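Reader: I would like a close look at a single part of this structure, and then at whatever lies around that part. Please take it step by step, since I am in my first year.

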Amino acid sequence: MTNPYLALANQGKNSWWRYAIAIAIILFFYQVVGAIPMVALSIALDLDDNPETQLNLETLQFEGVNPLLPYLAINGLLIGLLIGLLIAVYGLHRRRLITLITPSDRINWQRIFQGFGFYFLLISLATLVGEVLLGRTIELTLDIPQFLIFLPIALIVTPLQTSAEELFFRGYLMQGLALKASNSWIPIVGSSVLFMLPHLLNPEAQSGLLIMALLYFFLGAFLAFITVKDQSLELALGVHAANNLFVVLVLNYANSALPSPSVFTASQLNPLASLVSLVGVAAIFCFLLFGRR
């Protein structure tokens, strides 16, 4: 593999059994340790005699509780993923964490903020145009005291959550797939499929499984493509953080996988419109950042 970023996996110890044990460790921290906050919140609701506070097993949504609590509980999964990944990379593969981000000796924070800024601006404009054209029902749900409490928490927790996903899917898994690949498209497509699968468990998938599968796959492929093209993970780190912060702070959806006291709330998700918007935003983003390359 000639791509400098994908070739970083060669710096570590890459025996098949190391990957097998590492994946087991990562999944344990992701699905078991990371699920402890959600389990604790569910038990607390079960012990509460208030019938209006409950976990809806059909939508997997916590109902009748402050959205900050399920937001933190759900993000516990990604914090668990990050811890498991750190153990795997340092303990089993004997690699530095920075090798999942860049071939350089230091992180280019300007590139991260550049990806964040461009994508946040583009998704804001695309959302505005989409809402005007589609005329969806959007409700102003801003609760200023609650939002001001949630804002600093979201600014810290959400980038940790998105960084965990990027380090795992576009870093660890994509570089690992590249060890046996003859070209860059194999790890791009492979990591995108693996990114899509767990996201199909999100409540949003109930609005249209096939289209949402395409949306999650394309988002993963877009993030993987700009990572390979830029030969570092920095742009993807900024883009993913911008995407999720826009959702939890500006415009969220009813029954969202990431419940939050956002400024606006849409009554429902339009999967096809979201997919078209993502494709358009991704194309413009790539043109702005890479030009004719």
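**A leucine and its surroundings**

Author: Leu148 is found in helix α5. The model is a predicted one. In this model Leu148 has a relative accessible area of 54%. That value is over the 50% cut-off, so Leu148 counts as exposed.

Leu148 belongs to a nonpolar patch on the surface, together with Ile138, Leu140, Leu142, Ile144 and Phe264. The accessible area of these residues together is about 550 Å². Two elements, β3 and α5 (144-178), give two or more residues each to the nonpolar patch.

From the patch we can move to the strands. Strand β3 is part of an open sheet of three strands, in the order β3-β5-β4, with mixed pairing. The edge strands are β3 (138-140) and β4 (251-253), each of which pairs on one side only. From one strand to the next, the twist averages 30 degrees. Strands β3 and β5 run antiparallel and are joined by three bridges. In this pairing, Glu139 stands opposite Thr265 of β5. A helix also meets the sheet: α8 (residues 234-250) lies across β4 and β5 and runs at about 80 degrees to β4.

Beyond β5 comes a loop, and Gln268 has its place there, between β5 (264-266) and α9 (271-290). Gln268 is exposed, because its relative accessible area of 55% is over 50%. Gln268 and Asn252 are 16 residues apart along the chain, and their C-alpha atoms are separated by 9.4 Å.

Back in helix α5, there is a charged pair to consider. Arg170 forms a salt bridge with Glu166, and their closest N and O atoms are 2.6 Å apart. Why are these two separated by about one helical turn? The reason is that Arg170 and Glu166 are four residues apart in helix α5. Both ends of this salt bridge, Arg170 and Glu166, are buried.

The count of salt bridges comes to two. The other pair is Arg111 and Asp230, whose side chains meet at 2.7 Å, N to O. This pair links distant parts of the chain, with Arg111 in helix α4 (residues 109-134) and Asp230 in helix α7 (residues 209-230), 119 residues apart. Arg111 and Asp230 are both buried.

Two loop residues deserve a note on their backbone angles. Most residues other than glycine have a negative phi. Arg94 is not a glycine, yet its phi is positive, at about 55 degrees. Arg94 sits in the loop between α3 (68-92) and α4. With a relative accessible area of 57%, Arg94 is exposed. Gln231, also not a glycine, has a positive phi of about 60 degrees. The loop that holds Gln231 runs between α7 and α8. Gln231 has a relative accessible area of 37%, so it is partly exposed.

To return to the starting point, Leu148 is an exposed residue in helix α5, and it shares a nonpolar surface patch with residues including Ile138 and Leu140.

Conventions:
Residues numbered from 1 in each chain as written. Predicted model: local features only at pLDDT ≥ 70, side-chain atom pairs only at ≥ 80, totals over all residues. Heavy atoms only, no water. Buried < 20%, exposed > 50% of the residue type's maximum accessible area, 1.4 Å probe, protein only. Pairing = 2+ DSSP bridges. Axes fitted to C-alpha atoms, helices over the stretch in contact; angles between N-to-C directions. Contact = heavy atoms within 4.5 Å. Patch = residues over 30% accessible without salt bridge, like charges linked within 9 Å, V, L, I, M, F, W, Y side chains within 5 Å. Areas by Shrake-Rupley, 256 points an atom, 1.4 Å probe, with all protein chains shown as cover. Salt bridge = Lys/Arg side-chain N within 4 Å of Asp/Glu carboxyl O.
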